[in-house]
Amino acid sequence: MITVAVDAMGGDNAPSEIVAGAVAAVTKKSEIQVLLVGKEEVVRSELKKHSYRPEQIEVVHASEVIDTEEPPVNAIRRKKDSSIVVGMNLVKQNKADAFVSAGSSGAILVGGQVIVGRIKGVERPPLAPLIPTEKGVSLLIDCGANVDARPSHLVQFARMGSIYMEHVVGIKNPRVAIVNIGAEEEKGNALVKETFPLLKACTDINFIGSIEAREIPHGGADVIVSEAFVGNVILKLYEGVGATLIHMIKAGMMNGGLKTKLGALLVKPALKETLKSFDASEYGGAPLLGLNGLVVKTHGNSKATEVCNSIIQCVTFKEQDINGKIRESLLKEKNTGENA
């Protein structure tokens, strides 16, 4: 069994959508056990609305909730019985294999490093969501954890991202690219210019050079490396444009004449499948890579589908021992550096 602690109180749609997502996950996967962390009375009240195998869901009481506007460091220190702190401690104590939350991003980032802790040798843990592309999915790393990253951080992001894409997504020898304003090696800001030759020198990744933002939706690379400010702008614009296009396509088909509506009915099944593939919620949340345990951050407005997929993605992460592979990569890097 893979045990996943889930923050039942985090996010705009908690606890109803979180509980619904947890129930959907255990219904789909018999090997998952979910620990719903939150105010017991509230969580149990939501659970009564669903049918599920009781041995797969357990409620862990946490009396406090960290709000998104609270300073993250203070919140983690003061609210020891919050759903985020209690959930992360379950991972730290090996009572859970992973923790999933749609709650405060800042508190999750701080708690991940302070409570769960970094793998020895990891300089900065990055947030790494899968984003839909024309060719499938790409990993955007980092999208929000480290806005003042250094070149050595980006090199580690590239290595961890490659491991994730190969062993979780199943892409052999994934293509790694750094976000830039042009394809030429001499282009970019100081961080990109300094990082580019370091990535080029890495023999354990398939570095293909720079990638411009417009090439990302086409699947120009499997691992897209950036510092968090740029990564977060890409992610938010990506989601906004995607949602707008879907809305406009649906409106255009329904607002036309009879021929347009008949045509819409004919293409609806294929269009629905295509639009679904570009829905970010289908790919789960963003793992905070490089920690001693798995922490996954989902969108604050997550619905049951995204929560369910975020829980399920923890299974592959655990089965493939991603943390163990990251440790091996860091050890190999260290030994190479010492022998150089």
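The paragraphs below lead from the overall build of the protein chain to one helix packing and then to several individual residues.

The model is a predicted one, and its protein chain has 11 helices and 11 strands. Taken along the principal axes, the C-alpha atoms of the protein chain fill a box of roughly 60 × 60 × 35 Å. The radius of gyration is 21 Å, which agrees with the value near 20 Å that a compact globule of 340 residues would have. Of these 340 residues, 49% count as buried. Among the contacts in the protein chain with a separation of 6 or more, 71% are accounted for by residues 24 or more positions apart.

A packing of two helices gives a more local view. Two packed helices are described by the angle between their axes and the distance between the axes. For helix H6 (residues 151-169) and helix H10 (residues 304-319), that angle is about 100 degrees, and the axes are 9 Å apart. Because angles of 65 to 115 degrees count as roughly perpendicular, H6 is roughly perpendicular to H10. On the side of H6 the contact is made by Tyr 164, His 167 and Val 168, and on the side of H10 by Gln 313, Thr 316 and Phe 317. The residues of this contact divide into 3 nonpolar and 3 polar, with no charged residue among them.

Gln 313, one of the residues that H10 brings to this contact, can be followed further. With a relative accessibility of 11%, Gln 313 counts as buried, because the cut-off for that class is under 20%. Leaving out residues up to four places away in sequence, Gln 313 touches Tyr 164, and also Tyr 283, Gly 284, Gly 285, Pro 287 and Val 296.

Helix H4 (83-92) and the loop before it offer another place to look at burial. H4 is mostly covered, with 8 of its 10 residues buried, and these buried residues are Ser 83, Ile 84, Val 85, Val 86, Gly 87, Met 88, Leu 90 and Val 91. Just after H4, Asn 94 takes a positive phi of about 60 degrees. In the loop between helix H3 (72-78) and H4 is Lys 79, which at 18% relative accessibility counts as buried. Not counting residues up to four places away in sequence, Lys 79 touches Glu 64, Val 65, Ile 66, Glu 70, Asn 74 and Val 85, and Val 85 is itself one of the buried residues of H4.

Two further residues count as partly exposed. The first to consider is Asn 206, in strand E8 (residues 206-211), with a relative accessibility of 22% that places Asn 206 in the partly exposed class. Apart from its neighbours within four places in sequence, Asn 206 is in contact with Asn 173, Pro 174, Arg 175 and Val 176. The C-alpha atoms of Asn 206 and Arg 159 are separated by 9.6 Å, although these two residues are 47 residues apart along the chain.

The other residue is Thr 244, which lies in helix H8 (residues 228-255) and, at 43% relative accessibility, also counts as partly exposed. A polar atom of the side chain of Thr 244 lies 2.8 Å from the backbone oxygen of Gly 240. An α-helix has 3.6 residues a turn, so residues three or four places apart point the same way.

How values were computed:
Residues are numbered from 1 along each chain as its sequence is written. This is a predicted model: local features need pLDDT of at least 70, side-chain atom pairs count only at pLDDT 80 or more; totals for chains, interfaces and linings use all residues. Side-chain values use heavy atoms; hydrogens and water are left out. Axes are lines fitted to C-alpha atoms, for helices over the stretch in contact, and angles run from 0 to 180 degrees between N-to-C directions. Helices (H or I, at least four residues) and strands (E, at least two) are DSSP runs, numbered from the N terminus. Angles under 35 degrees count as roughly parallel, over 145 as roughly antiparallel, 65 to 115 as roughly perpendicular and the rest as oblique. Contact means heavy atoms within 4.5 Å. Ala, Val, Leu, Ile, Met, Phe, Trp, Tyr, Cys and Pro count as nonpolar, Asp, Glu, Lys and Arg as charged, and the others, Gly among them, as polar. Buried means under 20% relative accessible area, exposed over 50%, partly exposed in between (1.4 Å probe, protein chains only). A polar contact is a pair of N or O atoms within 3.5 Å; within protein, one must be able to donate a hydrogen and the other to accept it, and residues adjacent in sequence count only if both atoms are side-chain atoms. The radius of gyration is taken over C-alpha atoms; the globule rule is 2.2 Å times the number of residues to the power 0.38.
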